[in-house]
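Student: I have a model open and I'd like to learn how to read its features. Can you walk me through a few?

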Amino acid sequence: SERLRLASAGQLGIGGANYGTDGQVLTSTGASSAPAWEAAAGGKILQVKHFMEFAHRSTTSNTFVSIGGAAGVTITPTVSTSNILVFARGCSSSQTANRGGCLTIYRSVDSGTYADMRTDGNNGGLISVQSVSVNDIVGWTICVEDDHGTTDSIQYKIYFRSNNTDNSFQTGRAAGGSNGTTSLTALEFEP
């Protein structure tokens, strides 16, 4: 019997003229059976929202505060079963040697109260940054997945805090004291 067929346009047929349908992928069904055409498993990007600013922000607070400005993104999930990857990146420095701070992502659903996405009760945020010398520029990246379970709008913002109240922890700082880039991206995808 015919096991594989290669048609004139390059189509691959399994067990004869079984070419599958648009979007299907060829999947192994084990060592003792023929492969099968099946629907691709998730991973499709549904939407992306992005924010970027060139601004210098600082805090001496040892509790988390918003970096201020419009530094956030709002995304309304297309389905409640999707997931959202949240990426933040930027650069930071401290005005005191051997000091630093922490950064995290807060979220609010349907314009409600903002809450830290790190839910273990640790005040360390999602990332900790420390300068060895005064005004060392340290790059940072945060990536966190949100299994949101809603189709209400979700707002994400970057929050930061200083590790010591005698230190001004800064974000959006670049070499020479100029403003650096801080960005936040929310990417909704099928699980």
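Tutor: Sure. Keep in mind that this is a predicted model. Let's begin with a single residue and its surroundings.

Student: Fine, take Ser-153. Where does Ser-153 lie?

Tutor: Ser-153 sits in the loop between β13 (138-146) and β14 (154-162).

Student: And is Ser-153 buried or exposed?

Tutor: Buried: its relative accessible area is 18%, and the cut-off for that label is under 20%.

Student: What is Ser-153 in contact with, leaving aside neighbours within four places in sequence?

Tutor: With that filter, you get Thr-74, Ile-75, Thr-76, Ser-108, Val-109 and Asp-110. There is also a partner close by in the chain: the side chains of Ser-153 and Gln-155 make a polar contact at 3.1 Å.

Student: Asp-110 was in that contact list. What is there to know about its phi?

Tutor: The general idea goes like this: most residues other than glycine have a negative phi. Here, Asp-110 has a positive phi, near 55°. Asp-110 belongs to the loop between β10 and β11 (115-116), and with a relative accessible area of 48% it is partly exposed.

Student: Which other residue has a positive phi although it is not a glycine?

Tutor: Look at Ser-111, where phi is about 65°. Ser-111 is also found in the loop between β10 and β11. At 63% relative accessible area, Ser-111 counts as exposed.

Student: On to charges. How many salt bridges does a search of the whole structure find?

Tutor: The idea first: side chains of opposite charge can pair when their charged atoms come close. In this model the search turns up two salt bridges. One joins Arg-57 to Glu-53, with the closest N and O atoms 2.9 Å apart. Arg-57 is partly exposed at 22%, whereas Glu-53 is buried at 11%.

Student: And which side chains meet at 2.8 Å, N to O?

Tutor: Those of Arg-107 and Asp-146. Arg-107 lies in strand β10 (residues 99-109) and Asp-146 in strand β13, so this pair ties together parts that are 39 residues apart in sequence. As for accessibility, Arg-107 is partly exposed at 23%, while Asp-146 is buried at 6%.

Student: Now the cysteines. How many disulfides does the structure hold?

Tutor: Zero. Cys-91 is in no disulfide, and the nearest cysteine sulfur, in Cys-102, is 17 Å away.

Student: Why is there no bond from Cys-102 to Cys-91?

Tutor: Because their sulfurs are 17 Å apart, too far for a bond. To call a disulfide, you'd want the two sulfur atoms within 2.5 Å. Cys-91 is buried, with 13% relative accessible area, and Cys-102 is buried too, at 3%.

Student: Last one: which residues form a nonpolar patch on the surface?

Tutor: Leu-4, Leu-6, Leu-12 and Leu-26 do, and together they have about 400 Å² of accessible area. Take Leu-26 as one of them: you'll find Leu-26 in strand β3 (residues 24-27).

Student: How would you label Leu-26: buried, partly exposed or exposed?

Tutor: Partly exposed, since its relative accessible area is 40%. Patch members need over 30%, so Leu-26 passes that cut-off with its 40%.

Terms used
Residues numbered from 1 in each chain as written. Predicted model: local features only at pLDDT ≥ 70, side-chain atom pairs only at ≥ 80, totals over all residues. Heavy atoms only, no water. Helix = DSSP H or I, 4+ residues; strand = E, 2+ residues; numbered from the N terminus. Buried < 20%, exposed > 50% of the residue type's maximum accessible area, 1.4 Å probe, protein only. Polar contact = N/O pair within 3.5 Å; in protein donor to acceptor, adjacent residues only side chain to side chain. Contact = heavy atoms within 4.5 Å. Patch = residues over 30% accessible without salt bridge, like charges linked within 9 Å, V, L, I, M, F, W, Y side chains within 5 Å. Areas by Shrake-Rupley, 256 points an atom, 1.4 Å probe, with all protein chains shown as cover. Salt bridge = Lys/Arg side-chain N within 4 Å of Asp/Glu carboxyl O.
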